[in-house]
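Thanks for coming. I have one model to go through today, and I will keep to strands, charged pairs and a few side chains.

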Amino acid sequence: SYEKYGDKLRRRVNGAGHEVVLQKLQSVQFEVKEDNMVLIYKNIFQKEYRSSFYQMKIRSTNGDEEDE
């Protein structure tokens with residue numbers, strides 16, 4: 001899972017601690033859409049960024065799609 005902690009975005013690592021993913025953040029927002037997720041974040045200098053993440057589909061040998 002991901003969480004904002006102070007001015008950082010961090011990821012929990014299997015209950016064994018945290019890993020800093022982004023720093024010097026003012027705000028962070030996640031938008032879940034039908035086929036992707038959008039991460040919207042603003043740094044301490046007021047510049048906004050957007051990153052989209054798509055779920056990869058793997059086609060098996062029998063032609064069925066599986067989520068990865």
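I will start with the sheet, move to the salt bridges, and end with some residues further along the chain.

One caution before that: this is a predicted model.

First, the sheet. Three strands make up an open sheet, ordered β1-β2-β3, and the pairing is antiparallel. Its edges are β1, residues 2–5, and β3, residues 18–23, and each of these pairs on one side only. On average, neighbouring strands in this sheet are turned by 35° against each other, if direction is ignored.

Now the pairings one at a time. β1 runs antiparallel to β2, which covers residues 8–12, and 4 bridges link the two. In this pairing, E3 stands opposite R10 of β2. On the other side, β2 and β3 are also antiparallel, and here there are 5 bridges. R12 is placed opposite H18 in β3.

What lies between β2 and β3? The two strands form a hairpin, with 5 residues between them. In that turn, N14 has a positive phi of about 45°.

Next, charges. Side chains of opposite charge can pair when their charged atoms come close. How many salt bridges does the model hold? The count comes to 6, and I will go through some of them.

Take E3 and R12. They form a salt bridge in which the closest N and O atoms are 3.3 Å apart. E3 has a relative accessible area of 22%, so this residue is partly exposed. R12 is partly exposed as well, because its relative accessible area is 44%. The limits that matter here are under 20% for buried and over 50% for exposed.

K8 and D7 make another salt bridge, with 3.0 Å between the closest N and O atoms. K8 has a relative accessible area of 30%, which makes this lysine partly exposed. For D7 the relative accessible area is 29%, again partly exposed.

Then there is R11 with E19. Their side chains meet in a salt bridge at 2.9 Å, N to O. R11 is partly exposed at a relative accessible area of 27%, and E19 is partly exposed at 39%. As for partners that are shared, salt bridges join E3, R10 and R12 into one network.

That brings me to R10, which sits in strand β2. Is R10 buried or exposed? Its relative accessibility is 17%, so R10 counts as buried. The R10 side chain makes a polar contact with the side chain of E3, at 2.8 Å. Setting aside residues up to four places away in sequence, R10 touches S1, Y2, E3, Y5, H18, E19, V20 and V21. Recall that E3 is also the residue opposite R10 in the strand pairing.

Let me leave that sheet and go to strand β5, residues 36–43, where V38 is found. V38 is buried, with a relative accessible area of 8%. Which residues does V38 touch, if those up to four places away in sequence are not counted? They are Q29, F30, E31, K33, R50, S51 and S52. R50 deserves a remark: V38 and R50 are 12 residues apart along the chain, and their C-alpha atoms are separated by 6.7 Å.

N36 is placed in β5 too. At 11% relative accessibility, N36 counts as buried. Neighbours within four places in sequence aside, N36 is in contact with E31, S52, F53 and Y54. E31 and S52 are also among the residues that V38 touches.

Last item, the aromatic rings. The structure holds 1 aromatic pair. The pair is Y41 with Y49: their ring centres are 5.3 Å apart and the planes are at 20°, so the pair is stacked. The cut-off for stacked is planes under 30 degrees apart. Y41 counts as buried at 15% relative accessibility, whereas Y49, at 31%, counts as partly exposed.

To recap: an open antiparallel sheet in the order β1-β2-β3, 6 salt bridges, a network through E3, R10 and R12, and one stacked pair, Y41 and Y49. And again, the model is predicted. I will stop there.

Technical notes
Residues are numbered from 1 along each chain as its sequence is written. This is a predicted model: local features need pLDDT of at least 70, side-chain atom pairs count only at pLDDT 80 or more; totals for chains, interfaces and linings use all residues. Side-chain values use heavy atoms; hydrogens and water are left out. A salt bridge is a side-chain nitrogen of Lys or Arg within 4 Å of a carboxyl oxygen of Asp or Glu. Buried means under 20% relative accessible area, exposed over 50%, partly exposed in between (1.4 Å probe, protein chains only). Two strands pair if DSSP finds at least two bridges between them. Helices (H or I, at least four residues) and strands (E, at least two) are DSSP runs, numbered from the N terminus. Axes are lines fitted to C-alpha atoms, for helices over the stretch in contact, and angles run from 0 to 180 degrees between N-to-C directions. Contact means heavy atoms within 4.5 Å. A polar contact is a pair of N or O atoms within 3.5 Å; within protein, one must be able to donate a hydrogen and the other to accept it, and residues adjacent in sequence count only if both atoms are side-chain atoms. Rings of Phe, Tyr and Trp (its six-membered ring) pair if their centres lie within 6.5 Å; planes under 30 degrees apart count as stacked, over 60 as edge-to-face and the rest as tilted.
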